[in-house]
Amino acid sequence: MNKKSIYGLTFNQLMEWLIEHGQKKSRASRVWEWLYRKRVTDFSSMIDVNQECLKLLADNFVIQTLNQHVKQESEDGTIKFLFKLQDGNLIETVMMRHKYGISVCVTTQVGCNIGCSFCASGLLAKTRDLSSGEIVEQIMNVQLHLDKMGQGDMVSHVVVMGIGEPFDNFDNLLDFLTVIMEHKGLAIAGRRITVSTSGLAHKIYEFTDTQIPVNLAISLHAPNDELRTRIMKINRVIPIEKLMESLRYYLAKTNRRLTIEYILLKDVNDHKEHAEQLAELLNDIKDRLYVNVIPYNPVDEHSQYQRSEMESVLSFYDTLKKKGVNCKIRQEHGTDIDAACGQLRSKQMKKSEV
Ligand code: SAH
Ligand code: SF4
């Protein structure tokens, strides 16, 4: 059996584990500092932790399990990492540079079972969930890359928008968030973390109840059931009204704002009437959200979809604004290196199949 990455343990879990194994509670803080502040990658470098404790840790855990398979750098500074997991599966992680800091987009599953008709990740059914350690490790690998560059850069923002449906890997997602937010370690603020979901309403209730203070983004992509079911089959099981109810619950129980993601697909969901319908749908909660209008990144296998013309994008934006709905057009990063969700991975897999 492969040993698990120690990154998968939350601070409390590490402390409990050490106590259960006869170690002093205080060692947890020291080990944590070595992992997330000094960022060593082997236990033997933790020089002020006692030898017996280090042996125990090394006998039961490893620090790193991911192997870098491919790294692509874009002209705009975006870097896409493709990692090989211990079982040989490939996952991808994207690092983006912005004016406000450095963000990382993480993967939560190998493949995705939601199977949205426009998405490269959904082409491959889910093989398995990533462990919390494998998700944290993606952030750590990017941070280690930045450390090597020597400019003191830190990962400041995290988006859970890579391959997979995070709410279909709920417990590991929560542990991952707890680890990266831990103030003794990476201390990434909740307001700088966004989790995106295709709209698993029952999990939105559960997520709200955890009171974890991170941002939530919803992949809506259509303003009515007929159209949404056509492009996202999950809508057959969880129609828009059920989703809206869960969002109203989220807004009532938290003081946070929501992001509504809306990919513009040419002549499918990008007409003025769609924007009007969307404004209508969101009308009663519009003060607590903004719509992120996302230019579609064409996927070879989904040739039925094309990117909207700039004119339609602007008209969609204007219509929402006129109806009083906050709206932003998502800036694209790394389009020259297939940085959209699942694309590099699906290309690499095709290459290795040849
Ligand atoms: N499964 C989650 C999170 C991962 S997808 C979700 O669906 O929300 C992250 C975002 O990328 C989603 O809004 C998704 O709809 C969008 N996306 C998927 N394929 C895309 C493509 N080809 N071009 C642009 N955005 C895409
Ligand atoms: Fe899965 Fe999200 Fe892609 Fe849909 S858009 S297939 S939920 S990763």
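The lining of the second largest pocket in this predicted model divides into three nonpolar, nine polar and seven charged residues. The space in this second largest pocket comes to about 370 Å³. Its lining consists of 19 residues, and those closest to the pocket centre are Lys-3, Lys-4, Ser-5, Ser-131 and Glu-134.

Four elements each give two or more residues to the lining of the second largest pocket: the strands E1 (4-5) and E8 (128-129), and the helices H4 (132-149) and H5 (170-181). Among these, H4 gives the most, with three residues. The lining of the second largest pocket is also shared between domains, since at least three of its residues come from domain 1 (4-62) and at least three from domain 2 (67-353).

A second site is defined by ligand 1, which is surrounded by 19 residues. The closest of them are Gly-164, Ser-196, Ser-219, His-221 and Asn-297. By class, the shell around ligand 1 holds nine nonpolar, eight polar and two charged residues.

Polar atoms of ligand 1 are paired with both backbone and side-chain atoms of the protein. At Gly-164, a polar backbone atom lies 2.8 Å from a nitrogen atom of ligand 1. At Ser-196, an N or O atom of the side chain is 2.6 Å from an oxygen atom of the ligand. The side chain of Glu-261 likewise places an N or O atom 3.1 Å from an oxygen atom of ligand 1. Taken alone, ligand 1 exposes 530 Å², and 94% of that area is buried by the protein. Two strands, E10 (193-197) and E12 (258-264), are the elements that give two or more residues to the shell around ligand 1.

Technical notes:
Residues are numbered from 1 along each chain as its sequence is written. Chains are lettered from A and ligands numbered from 1 in the order in which they are written. This is a predicted model: local features need pLDDT of at least 70, side-chain atom pairs count only at pLDDT 80 or more; totals for chains, interfaces and linings use all residues. Side-chain values use heavy atoms; hydrogens and water are left out. A residue is near a molecule or strand if one of its heavy atoms lies within 4 Å of it. A polar contact is a pair of N or O atoms within 3.5 Å; within protein, one must be able to donate a hydrogen and the other to accept it, and residues adjacent in sequence count only if both atoms are side-chain atoms. Accessible areas come from the Shrake-Rupley method with a 1.4 Å probe; for residues, only the protein chains shown count as cover. Ala, Val, Leu, Ile, Met, Phe, Trp, Tyr, Cys and Pro count as nonpolar, Asp, Glu, Lys and Arg as charged, and the others, Gly among them, as polar. On a 1 Å grid over the protein atoms alone, a cavity is a set of points where a 1.4 Å probe fits but cannot get out, and a pocket is an open set with protein on both sides within 12 Å along at least five of seven lines; lining residues have an atom within 4 Å of a point. Grid points are joined across faces, edges and corners, and a volume is the space filled by probe spheres set on the points. Domain bounds come from an automatic or database domain assignment.
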